[in-house]
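Colleague: I should like to go through this protein with you before I return to the bench. Could we look at it together?

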Amino acid sequence: MASIFTRIVQGEIPSYRVAETDRFYAFLDINPLVPGHTLVIPKQETDYLFDINDQDYQDLMLFAKRVSEAIYKAIPCKRVGVAVLGMEVPHAHIHLVPLQSEGDLDFRKEKAKLTPEQFQEIAASIAKSLEV
Ligand code: 5GP
């Protein structure tokens with residue numbers, strides 16, 4: 001069965017798109033640690049990040065780097081943190097999280113609650129920063 005992220009890529013499930021190429025997709029995490037928490041995925045479904053072939057892995061990381069630069073421009077933060085868990089969704093993904101402090105990367109803490117309008121606005125502002 002297709003992963004929930006494949007269904008997002010295929011447009012079956014809506015998402016707040018941040019960036020996209022023919023092979024990669026970046027969108028806002030629906031339960032963000034902080035506003036701007038973004039997920040970067042390969043469109044090709046592979047469960048475990050480190051099972052991805054070397055070329056695709058390198059290209060995914062470069063795509064994540066571009067997205068992280070846009071997050072840094074769009075969301076006030078000290079750093080953009082990077083995490084890989086994969087405890088919930090078996091489709092390789094990289095978490096990019098704008099950080100004010102190390103506590104912002106604590107996945108056990110209560111998630112930020114955002115309205116659809118806030119999600120939309122954040123996604124649009126990150127997407128805009130990618131273009132410039
Ligand atoms: P992990 O697999 O890395 O442990 O966690 C999966 C992440 O995907 C979680 O942060 C969760 O909030 C996010 N997530 C799960 N389902 C969806 C979804 O349908 N849409 C979006 N945008 N994020 C999701």
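Modeller: What follows is a conversation about a predicted model, taking its pocket, its nonpolar cores and a few residues in turn.

Colleague: Let us start with the pocket. How much space lies in the largest pocket?

Modeller: The largest pocket holds about 550 Å³ of space.

Colleague: Which residues lie nearest its centre?

Modeller: Phe5, Asp29, Ile30, Leu39 and Glu88 lie nearest the centre of the largest pocket, out of a lining of 24 residues.

Colleague: And how do the residues of that lining divide into nonpolar, polar and charged?

Modeller: The lining of the largest pocket has 15 nonpolar residues, six polar ones and three charged ones.

Colleague: Which element gives the largest share of the lining?

Modeller: Helix 1 does, with three residues. Both helix 1, spanning 4-9, and strand 2, spanning 24-28, supply at least two residues each to the lining of the largest pocket.

Colleague: Turning to the interior, how many residues has the largest nonpolar core?

Modeller: The largest nonpolar core has 27 residues, and Val18, Leu28, Val40, Val67 and Ile126 have the most contacts inside it. Two or more residues of this core come from each of strand 1 (17-20), strand 2, helix 2 (54-74), strand 5 (94-99) and helix 3 (116-131). Helix 2 gives the largest share of this core, six residues.

Colleague: Take Val67, then. What is Val67 in contact with?

Modeller: Setting aside neighbours within four places in sequence, Val67 is in contact with Val18, Ala19, Ala26, Thr38, Val40, Leu96 and Leu130. Apart from the largest core lies another core of seven residues, including Ile8, Tyr25, Phe27 and Val89.

Colleague: Where is the place of Val89?

Modeller: Val89 sits in the loop between strand 4 (79-83) and strand 5.

Colleague: Why does Val89 count as buried?

Modeller: Val89 counts as buried because its relative accessibility is 9%, and the cut-off for buried is under 20%. Not counting residues up to four places away in sequence, Val89 touches Ile4 and Phe5. Val89 and Tyr48 are 41 residues apart in sequence, and their C-alpha atoms are 9.9 Å apart in space.

Colleague: Now the histidines. What does the side chain of His95 make a polar contact with?

Modeller: The side chain of His95 makes a polar contact with the side chain of His37, at 2.8 Å. His95 lies in strand 5, while His37 lies in the loop between strand 2 and strand 3 (38-42).

Colleague: Is His37 buried or exposed? I have the same query for His95.

Modeller: His37 counts as buried because its relative accessibility is 1%. His95 counts as buried because its relative accessibility is 6%.

Colleague: What else does each of them touch?

Modeller: Leaving out residues up to four places away in sequence, His95 touches Asp29, His37, Thr38, Leu39, Gly81, Val82, Ala83, Leu85 and Phe107. With neighbours within four places in sequence left out as well, His37 is in contact with Leu28, Asp29, Asn31, Pro32, His95, Leu96, Val97, Pro98 and Phe107.

Colleague: On to the threonines. Where is Thr6 found?

Modeller: Thr6 is found in helix 1, and Thr6 is buried, with a relative accessible area of 10%. The side chains of Thr6 and His91 are joined by a polar contact of 3.4 Å. Beyond its neighbours within four places in sequence, Thr6 is in contact with Glu45 and His91.

Colleague: How far apart are Thr6 and Gln44?

Modeller: Thr6 and Gln44 are 38 residues apart in sequence and 7.9 Å apart in space, from C-alpha to C-alpha.

Colleague: And what about Thr21: where is its place?

Modeller: Thr21 is in the loop between strand 1 and strand 2. At 26% relative accessibility, Thr21 counts as partly exposed.

Colleague: What does the side chain of Thr21 reach?

Modeller: The side chain of Thr21 reaches the backbone nitrogen of Arg23, at 3.0 Å. Apart from neighbours within four places in sequence, Thr21 is in contact with Lys43 and Phe63.

Colleague: Finally, how far apart are Thr21 and Pro116?

Modeller: From C-alpha to C-alpha, Thr21 and Pro116 are 24 Å apart in space, with their positions 95 residues apart in sequence counted as the separation.

Definitions and conventions: Residues are numbered from 1 along each chain as its sequence is written. This is a predicted model: local features need pLDDT of at least 70, side-chain atom pairs count only at pLDDT 80 or more; totals for chains, interfaces and linings use all residues. Side-chain values use heavy atoms; hydrogens and water are left out. On a 1 Å grid over the protein atoms alone, a cavity is a set of points where a 1.4 Å probe fits but cannot get out, and a pocket is an open set with protein on both sides within 12 Å along at least five of seven lines; lining residues have an atom within 4 Å of a point. Grid points are joined across faces, edges and corners, and a volume is the space filled by probe spheres set on the points. Helices (H or I, at least four residues) and strands (E, at least two) are DSSP runs, numbered from the N terminus. Ala, Val, Leu, Ile, Met, Phe, Trp, Tyr, Cys and Pro count as nonpolar, Asp, Glu, Lys and Arg as charged, and the others, Gly among them, as polar. A nonpolar core is a set of buried Ala, Val, Leu, Ile, Met, Phe, Trp, Tyr and Cys residues joined through side-chain atoms within 4.5 Å. Buried means under 20% relative accessible area, exposed over 50%, partly exposed in between (1.4 Å probe, protein chains only). Contact means heavy atoms within 4.5 Å. A polar contact is a pair of N or O atoms within 3.5 Å; within protein, one must be able to donate a hydrogen and the other to accept it, and residues adjacent in sequence count only if both atoms are side-chain atoms.
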